[in-house]
Amino acid sequence: ISIDGDTSTNDTFAVMANGMAGNILIESDSEAYQVFKEALYAVCRDLSLMLAKDGEGATKLIISKVTGAKDEQSAKKAAKSVICSSLFKAAMFGEDANWGRVLCALGYSGADIDVSKIDLNFESSKGIVEVCKSGAGIDFSEEIVAEVLSDSDITVNVSLGDGKYR
């Protein structure tokens, strides 16, 4: 998560286990392990979303989803770079579909990408609007994009067009 680019103990949650409950040890190859792992992931994801949505006066929760990467590391670098971009966050606050700020963040991410293969759209509960195809802007309805970006939860979907990783 990224809120204001700084770190704080207020934006932290921790999971600790000390064995004091005396429960049976969960082995990594058991059904109990899979159930616990999925439940822990769900709790961590939900807490992360709550921290991001509630941080430092945030008015929007912005999620960056990257698909089509050459490898997992490139997907993570690209997604993190977009979500950490102050310029992109400012555009979302202003409800401005400035897709160039997304491409800029991808460019300095260090991810292995080919800008000419990038497609992206903005999505919310109010709809979805494509704004970039093959690394270039495309025509889109200003009315539709204004409606989509007026929501408090926005996802920027980036397809790198270069592989199977996300």
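How many residues does H1 have, and how far does H1 reach from its first C-alpha to its last? In this predicted model, H1 has 24 residues and reaches 35 Å between those two atoms, close to the 34 Å expected at 1.5 Å a residue. The helix covers residues 31-54. After H1 comes Glu56, whose phi is positive, near 45°. For readers new to backbone angles, it helps to know that most residues other than glycine have a negative phi.

With that helix in view, the overall layout can be described. The protein has five helices and five strands, and along the sequence they follow the pattern α-β-α-α-α-β-β-β-α-β. The C-alpha trace spans about 60 × 35 × 30 Å along its principal axes. Of the 166 residues in the protein, 30% are buried. The accessible surface comes to about 10400 Å², and carbon and sulfur atoms account for 53% of that surface. Contacts also tell something about how the chain is arranged: among those between residues at least 6 apart in sequence, 66% join residues at least 24 apart.

The segment before H1 includes Val15. Val15 has a relative accessible area of 55%, so Val15 counts as exposed, the cut-off being over 50%. Its C-alpha atom is separated by 31 Å from that of Ala69, a residue 54 places away along the chain.

Helix H2 makes a good second example of a helix. H2 spans residues 72-84, and its 13 residues reach 18 Å from first C-alpha to last, close to the 18 Å expected at 1.5 Å a residue. Several of its residues are buried, namely Ser74, Ala75, Ala78, Ala79, Ser81, Val82 and Ile83. What do these buried residues of H2 pack against? Their partners are S1, H3, H4 and strand S5, the last of which covers residues 153-159.

Moving along the chain, Ser85 sits in the loop between H2 and H3. Is Ser85 buried or exposed? Its relative accessibility is 4%, and because buried means under 20%, Ser85 counts as buried. Leaving aside neighbours within four places in sequence, Ser85 is in contact with Ala105 and Tyr108.

The next loop, between H3 and helix H4 (99-107), holds Glu95. Phi of Glu95 is near 55°, a positive value in a residue other than glycine. Glu95 has a relative accessibility of 35% and is therefore partly exposed, a class that lies between the 20% and 50% limits. A further positive phi, near 55°, is found at Ser134, again a residue other than glycine. Ser134 lies in the loop between strand S3 (127-133) and strand S4 (136-137), and at 47% relative accessibility Ser134 counts as partly exposed.

Helix H4 contains Trp99, which is partly exposed with a relative accessible area of 24%. Which residues does Trp99 touch, not counting those up to four places away in sequence? The list is Leu120, Val131, Cys132, Gly135, Ala136, Gly137 and Phe140. One of these contacts, Cys132, is 33 residues from Trp99 along the chain, yet the C-alpha atoms of the two are separated by 6.9 Å.

Finally, the pockets can be considered. The largest pocket has a volume of about 1200 Å³ and is lined by 34 residues. Leu49, Ile62, Ile63, Ser64 and Ile83 lie nearest its centre; among them, Ile83 is also one of the buried residues of H2. Which elements each supply at least two residues of this lining? They are helix H1, strand S1 (61-67), helix H2 and helix H3 (86-93). By class, the lining of the largest pocket has 17 nonpolar, seven polar and ten charged residues.

The second largest pocket has a volume of about 320 Å³. Of the 13 residues that line this pocket, Ala17, Asn18, Gly19, Asn23 and Ile26 are the closest to its centre. The lining of the second largest pocket has nine nonpolar and four polar residues, with no charged residues, whereas the lining of the largest pocket includes ten charged residues.

Note on methods:
Residues numbered from 1 in each chain as written. Predicted model: local features only at pLDDT ≥ 70, side-chain atom pairs only at ≥ 80, totals over all residues. Heavy atoms only, no water. 1 Å grid on protein atoms, 1.4 Å probe; cavity = no way out; pocket = protein on both sides within 12 Å on 5 of 7 lines; lining within 4 Å. Points joined across faces, edges and corners; volume = space filled by probe spheres on them. Helix = DSSP H or I, 4+ residues; strand = E, 2+ residues; numbered from the N terminus. Nonpolar A, V, L, I, M, F, W, Y, C, P; charged D, E, K, R; others polar. Expected span 1.5 Å × (residues − 1). Buried < 20%, exposed > 50% of the residue type's maximum accessible area, 1.4 Å probe, protein only. Contact = heavy atoms within 4.5 Å. Areas by Shrake-Rupley, 256 points an atom, 1.4 Å probe, with all protein chains shown as cover.
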